[in-house]
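Subject: Handover of a structure for your review

Dear colleague,

Please find below the structure I would like to pass on to you, shown together with its sequence. I should be grateful if you would read the notes that come after it with the model open.

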Amino acid sequence: MNYSEVPEPKIRFAPKAYVCKRAAGPLALNGRLDKPFWDTAAWTDDFVDIEGDLRPGPSKRTRVKMLWDDEYFYVGAEMEEDRIWATLTERDSVIFYDNDFEIFIDPDGDSHLYYEFEINALNTVWDLLLAKPYRDGGPPVNGWDIAGLKTAVYIDGELNNPAAANRLWSVEAALPWAALRECAPEGRPPLPGEYWRVNFSRVEWRVEVRDGQYVKQNDPATGKPYPEDNWVWSPQGIVNMHYPELWGYVVFADDEGDGYSGSAGFPLPQDETIKWELRRLYYRERGYYARFGRFTDDPSELLGTDGAWLSIRPAVETTGKLFQISAPSSDGSGIFYIREDGKLWKERS
């Protein structure tokens, strides 16, 4: 196999974190977030551009709330919008061809076997499972569905009517653990104090009004629609959502919040920095292969002139077509490994 280069995101490693409290009761879905069910849930930070500080901030506000119970992971999203439109009505259509809201979930944080969910203002859903990111050769499993999924959309305005006084649209989703645990550690829902890697994205197209309808606005230079904007909760540093290692941390708390003081009160575990440094070596090992047709077992060849960031002492093993890079965990309880297709795991001592 010839391995392609994996671009290294231009971002400092500082994913967002959110303390997800337990729901006080069942959710009656109607798409609205202004009801008692959501009162105890904090808002996330407002979304930013997918590239973070490399690009201007979004022109319209997006924010999310999360809760959980024994049956579901609940997500509520609110999106300011003066032009509310959607066209796709068939499940598992490529929903991001419309404006949409998206959820990405990697239960065990290894960047493989993760979920993607997309929904538009018509409440049309695309849900899929990815065995591995596209960069690592992973095709999506479009035939996979979130069994038992519940969704609802609320529109403060009027859908597909440019004359309406539109203010926002919002989404509620109840994602069953019975489906999500398929790729989770030990095949189970999270326990209080555990965290999963999660991110959210909003796709926003430029539109104009023609003959009383919204249509995508074309770039005169190309004759094609302008590229969509991608606004996210936790920035990626690259226009690509399929870098699960940069998604946020959702900590599942008990009724009292497990002692965490709000969404900013989750301290990043030291092991997460170790895993990030292994990930950066993986990016560079793949880039080395793309340039020279082989991997290197010399870490110094991967650092270049900016090696001051490396705090671990990695062990690198290579063959003609494979590599494995490892480093001890922070507490000495095991070894973290990453390999050529990006999978990262821990083996306990």
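The notes below begin with the whole chain and then turn to particular strands and residues.

Please bear in mind throughout that this is a predicted model.

Overall features

The protein contains 19 strands and three helices. Its radius of gyration is 21 Å, which agrees with the value near 20 Å that a compact globule of 349 residues would have. Along the principal axes, the C-alpha atoms occupy a box of roughly 65 × 55 × 35 Å.

Of the 349 residues, 51% are buried. Among contacts with a separation of 6 or more, 64% join residues that lie 24 or more positions apart. The exposed area comes to about 15700 Å², and 48% of that area is supplied by carbon and sulfur atoms. As for charge, the protein carries 39 positive and 59 negative charges, and the mean positions of the two sets are 2 Å apart.

Strands β16, β17 and β18

Strand β17 (residues 323–328) has antiparallel pairings on record here with two strands. With β16 (residues 315–318) it pairs over four bridges, and with β18 (residues 334–339) over five bridges. Glutamine 324 of β17 takes part in both pairings: it stands opposite glutamate 317, and its bridge partner in β18 is arginine 339.

Both pairs are hairpins. Four residues separate β16 from β17, while five residues lie between β17 and β18. In the hairpin of β17 and β18, glycine 332 has a positive phi near 75°.

The hairpin of β12 and β13

Strands β12 (residues 207–210) and β13 (residues 213–216) are antiparallel and share four bridges. Arginine 210 is set opposite glutamine 213 of β13. This hairpin has two residues between its strands, and aspartate 211 in the turn shows a positive phi of about 50°.

Glutamine 217 lies in the loop between β13 and β14. What is its state of exposure? Glutamine 217 is partly exposed, because its relative accessible area is 26%. Beyond its neighbours within four places in sequence, glutamine 217 touches Arg206, Val207, Glu208, Lys224, Pro225 and Tyr226. Valine 251 is 34 residues away from glutamine 217 along the chain, and their C-alpha atoms are separated by 40 Å.

Tryptophan 247 and tyrosine 249

Tryptophan 247 is placed in the loop between β14 (229–232) and β15, and tyrosine 249 belongs to strand β15 itself (residues 248–252). Tryptophan 247 counts as buried because its relative accessibility is 0%. Tyrosine 249, at 1% relative accessibility, therefore counts as buried too.

Each of these residues has contacts with residues distant in sequence. Leaving aside neighbours within four places, the contacts of tryptophan 247 include Pro15, Phe104, Tyr114, Arg197, Val198 and Met241. With the same neighbours set aside, those of tyrosine 249 include Phe13, Pro15, Tyr195, Trp196, Arg197, Trp233 and Phe266. Pro15 and Arg197 are thus contacts of tryptophan 247 and of tyrosine 249.

Two C-alpha separations illustrate the point. Tyrosine 249 and tyrosine 195 are 54 residues apart in sequence, yet 6.1 Å apart in space. Tryptophan 247 and phenylalanine 200 are 47 residues apart along the chain, with 8.4 Å between their C-alpha atoms.

Loop residues with positive phi

Most residues other than glycine have a negative phi. Two loop residues deserve a look in this respect. Serine 111, which is not a glycine, has a positive phi of about 75°, and asparagine 123 likewise has a positive phi, near 65°.

Where are these two residues found? Serine 111 is in the loop between β5 (100–106) and β6 (114–119), and asparagine 123 is in the loop between β6 and β7 (125–130). Serine 111 counts as buried because its relative accessibility is 1%. Asparagine 123, by contrast, has a relative accessible area of 30% and is therefore partly exposed.

With kind regards

Conventions
Residues numbered from 1 in each chain as written. Predicted model: local features only at pLDDT ≥ 70, side-chain atom pairs only at ≥ 80, totals over all residues. Heavy atoms only, no water. Pairing = 2+ DSSP bridges. Rg over C-alpha atoms; globule rule 2.2 N^0.38 Å. Buried < 20%, exposed > 50% of the residue type's maximum accessible area, 1.4 Å probe, protein only. Contact = heavy atoms within 4.5 Å. Areas by Shrake-Rupley, 256 points an atom, 1.4 Å probe, with all protein chains shown as cover. Lys, Arg positive; Asp, Glu negative; His and termini not counted. Charge placed at Lys NZ, Arg CZ, Asp CG, Glu CD.
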